[in-house]
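Work through the exercises below with the structure open. Try each task before reading its solution.

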Amino acid sequence: MARWFRSEHMEYISLIVNEDAAHDCLADLGKLSAIQFTDLNPDLTPFQRRYVSYVRRCDELERKLRFFGTECDNFGLNLETAGDIDTFLESNASLIGRSAGSTLSSSGAPSSGKGASGTQLLESLEVELEGYESQLKELNAYSEKLTREYNEKVELQEVLEKARRFFMTDAPRLAVSELSSGRSSSKPGALLAGAHDDEARADLDMRFSSITGVVSTEEKVRFERMIFRATRGNCYVRFAPIKQPITDPETGSLIEKCVFIVFFKSLSIETKLKKICDAFFAHRYSLPDMDDAPAVDRMLTENAQELVDSRTVLLKNQDTRFRLCQMLAQHTERWTWIVLREKAVYHTLNMFKADVSGMLRGEGWVISESFEDVRASVNRAHSDMDHNMPSHVDQVAKPWPTPPTHFTTNKFTYGYQEFVNTYGIPRYREANPALFTAATFPFLFGVMYGDIGHGLFLFCAGLYLLWNEEKNDKAKLDEMTGGLHMGRYMIVMMGFFAVYAGLVYNDCFSLGLNLFGTRWAFDSDQPEEGDVAEMTGQYGEGESVYPFGLDPMWHVAQNELLFFNSFKMKLSVIFGILQMFTGTCLKGINAIYFGKRLDFMFEFLPMVAFACSLFMYMVVLIFMKWSINWNSRMLSSTCLDPAGDTWGSVDYQETVNGQTGVWADCNGGGDGTCTPWGYVCQGNDALADKCPLDFGGSGDGCQPPNLITALINIALSPGNVDEPMYKGQAGVQNLLLAIAGISVPVLLCAKPYFMSKEMATHHHSAHDDDDDEEEHGFGEIIIHQAIETIEFVLGMVSNTASYLRLWALSLAHSELATVFWEKAMLSTLNINWFATFIGYGVFAGTTFGVLLMMDVLECFLHALRLHWVEFQNKFFCADGIRFAPYSFKQILADASA
């Protein structure tokens, strides 16, 4: 954990490598994931780089592999995984793998990474993939052509069948209808079939022309409306649906189509109809005279035979493409990884500078502990190439550029580190908030979500993710599932602390659990509303204390809400102030580590003084109020009858005149009553007179104070403590108020003053032209320090109030659980079994949807805000540069995501 507190040490190094061995050097360095290269050619465009041609070749290979993946997806084939990335990088097996009929080895290229140079590898891949691409494109083009021809034959077959059925059934019926109206010839079907009626209408040619074809069903209504409007209703249109969907040759999707027949009698209308058909992409087909039945049957038979032949050829083509895609699916991902690796090598080589002929120079950041590994990898690559010229790897003299930030994480810490990095990257060697977040985030979530039952569900969900950890590591997960997998340990911890907080609250689905036996008891075995419970043991003794958490009797008390509100509110304030104070202390630790004397003296110390004098003092008062025996103090200021039952009670434990818990003798007088320490009551005595503590104020120390009022009066009524808890409290609070008052101007003015002195000393010998720049710099310092002061002072107040969300969300969670239990379950238990069954369903559904889903997200977001805003703004700069190493593993992992 100490290593996680600050980022890894970085060194800025220079590499000089032989150009022939550069590829192998970077191939080995990519496996280390320990170096981040700096671009030494920032003035060159990507097209002017030395290895741009190799990068383009890799891009072209990527395009081909994406094409293969798309084709496999069209057949519903999943790309076979290339295995584990570490195994792939360390493997000396064939780079291409054992394919069905052609591998890199069979193409003449070496089968191991050490034996093949980058150029040979690219050439082998290009030859291999070019052959597969051309073969697949040729099959696709042939398939598109075959599909189009097959579709035409299917459509023609449908048109012939639908048209023949129309002329055999509808046409005679329409002809009879025309005869009955006296406007038709005596021949059935003459009007629609186009027969010439010499007997009845010799002076008028009644033969109608027709256009037949196929149009998309989606365009049917628009197509019919357009024909009607274009011809002004001088057409007769009939449609018949095609039952079997037709495959689009370009997209491969299935399209619903229908056959249409349009009858008309005008050349101008025919021209319009053809244009409309072309506009709607309708396919037109020429048919023989429908009166010639043998010709129609012959055409149907021939087209059916051609349809069978086309289908046979099409299926053969589809089978060939499927088998080719099956083979490609086995190797596409491995080929992709090889191309990405080579592309990363050449992209990194473009950052190198060719200072000397035949040599390349590169610079970059390396993790200090991996420096020797980098040097060994470079030397090993040169020795394998048998180059006499030695390589050079050495540190670059300072000043360095700003070092990047890198933390070594594991499965548990990775999620919390990403949690912090989402807000901002820590500065180099700055205190890492993730170390504290790993403990406080799930804990604060548990404080808000505290419930044994609900937390147990969340804990089991986290355990389930851990159980499937290895499977999910190798699987390709979507964004949401991947996020849950990344935070699996966080979810387990959140569930654990939710159960822990639930045990503290003694809350399980809004019900109290009597796990250790309550320390309260009623006088009767069947208590009624209004009965008072008494403690089974003496106050303050071990027998009167519930072993862990809150006593379950509080869940049935009338003042349950008041008690839990007071308890949770104080806990929220304590946790909030402690976390903010920890953040302030981290600011001082950073100042000491980086040697910033002014930040430590005039920022950290005033901040600590201000926080301790007001807010840490609040925590002290809370614990003090909890630790004081108020029963004893209030009893000591109570007038009692010496003959009464309460006289001599063991609850009185105050120390008076060196004696603790000793009751004084009451000799009478006054109104006949006395206080336990011997004060004779007169009947109208003030509380301060009856209290033996003499702490001052109206309560004199015997009355429990209202802490909120007491804290407000520190600033509004200095020196006035109405209900003190200890002697000299007013003086102590005046001193603390003075410290807080002094710390603010020190925080505001001290650092800018001493910085101006340092600047004046530093620029004493500078020219007069620099005066404006100095004034401008000093003005920025003043503004920055004023913002820092205001943000801290007001932030301590507002952030403390912000931590009350811990109490608010815990209260909302418990009250919602209570409502769901009472309204859904208790209200149905006494009705009948069916109502109970329905009530349980409602209870389970609302509990799962609201408390196990929505409330988990709500508590998560509020805990996130408390860390990002209230905790981290006390010390976290969040303006660091993330270490982006040259890593094959990261590149391949991103590509596989």
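**Exercise 1. Backbone angles in a loop**

At 24% relative accessibility, is phenylalanine 509 buried, partly exposed or exposed? Then place the residue and check its phi.

Solution. Note that the model is predicted.
- Step 1: Buried needs under 20% and exposed needs over 50%. Phenylalanine 509 has 24%, so it counts as partly exposed.
- Step 2: Phenylalanine 509 sits in the loop between helix 16 and strand 11.
- Step 3: Phi of phenylalanine 509 is near 55°, a positive value in a residue other than glycine. Most residues other than glycine have a negative phi.
- Step 4: Look at asparagine 506, found in the loop between helix 16 (488-505) and strand 11 (520-521). Its phi is also positive, near 55°. Asparagine 506 is buried, at 3% relative accessible area.

**Exercise 2. A nonpolar patch**

Which residues make the nonpolar surface patch of about 480 Å²? Find where Phe548 lies.

Solution.
- Step 1: The patch is made by Phe496, Tyr500, Leu515, Phe516 and Phe548.
- Step 2: Phe548 belongs to the loop between strand 12 (534-535) and helix 17 (560-593).
- Step 3: A patch residue needs over 30% relative accessible area. Phe548 has 33% and is partly exposed.

**Exercise 3. The open sheet**

In what order do the four strands of the open sheet lie? Identify the strands at the edges.

Solution.
- Step 1: The order is 2-9-1-10, with antiparallel pairing.
- Step 2: Strand 2 (35-38) and strand 10 (392-395) each have a single partner strand, so they stand at the edges with one side left without a neighbour in the sheet.
- Step 3: From one strand to the next, the twist averages 30°.
- Step 4: Strand 1 (residues 10-18) and strand 9 (residues 359-367) run antiparallel and are joined by nine bridges. Asparagine 18 has methionine 359 of strand 9 as its bridge partner.
- Step 5: Helix 2 (residues 22-32) packs on the sheet and touches strand 1, strand 2 and strand 9. The direction of helix 2 makes about 150° with that of strand 1.

**Exercise 4. Strand 3 and its partners**

How many residues of strand 3 are buried? Trace its pairing with strand 7 and strand 8.

Solution.
- Step 1: Strand 3 (residues 209-216) has eight residues, and six of them are buried.
- Step 2: Eight bridges pair strand 3 with strand 7 (residues 257-264) in the antiparallel sense. Serine 216 is opposite lysine 257 there.
- Step 3: Three bridges pair strand 3 with strand 8 (residues 283-285), again antiparallel. Valine 214 has histidine 283 as its bridge partner.

**Exercise 5. Salt bridges**

How many salt bridges does the structure hold? Sort three of them by where their partners sit.

Solution.
- Step 1: The structure holds 37.
- Step 2: Arginine 3 meets glutamate 369 at 2.6 Å, N to O. This pair links distant parts of the chain, 366 residues apart: arginine 3 is in helix 1 (residues 2-5), glutamate 369 in the loop between strand 9 and helix 10 (371-384). Arginine 3 is partly exposed at 44%, and glutamate 369 is exposed at 54%.
- Step 3: Glutamate 60 and arginine 63 also form a salt bridge. Both lie in helix 3 (residues 52-74), three residues apart, about one turn of the helix.
- Step 4: Glutamate 155 bridges to lysine 257, with the closest N and O atoms 3.1 Å apart. Glutamate 155 is in helix 5 (residues 118-180) and lysine 257 in strand 7, 102 residues apart. Glutamate 155 is buried at 1%, and lysine 257 is buried at 14%.
- Step 5: Shared partners join Glu60, Arg63, Lys64, Glu130, Glu133 and Lys137 into one network of salt bridges.

Key:
Residues numbered from 1 in each chain as written. Predicted model: local features only at pLDDT ≥ 70, side-chain atom pairs only at ≥ 80, totals over all residues. Heavy atoms only, no water. Patch = residues over 30% accessible without salt bridge, like charges linked within 9 Å, V, L, I, M, F, W, Y side chains within 5 Å. Areas by Shrake-Rupley, 256 points an atom, 1.4 Å probe, with all protein chains shown as cover. Salt bridge = Lys/Arg side-chain N within 4 Å of Asp/Glu carboxyl O. Helix = DSSP H or I, 4+ residues; strand = E, 2+ residues; numbered from the N terminus. Buried < 20%, exposed > 50% of the residue type's maximum accessible area, 1.4 Å probe, protein only. Pairing = 2+ DSSP bridges. Axes fitted to C-alpha atoms, helices over the stretch in contact; angles between N-to-C directions. Contact = heavy atoms within 4.5 Å.
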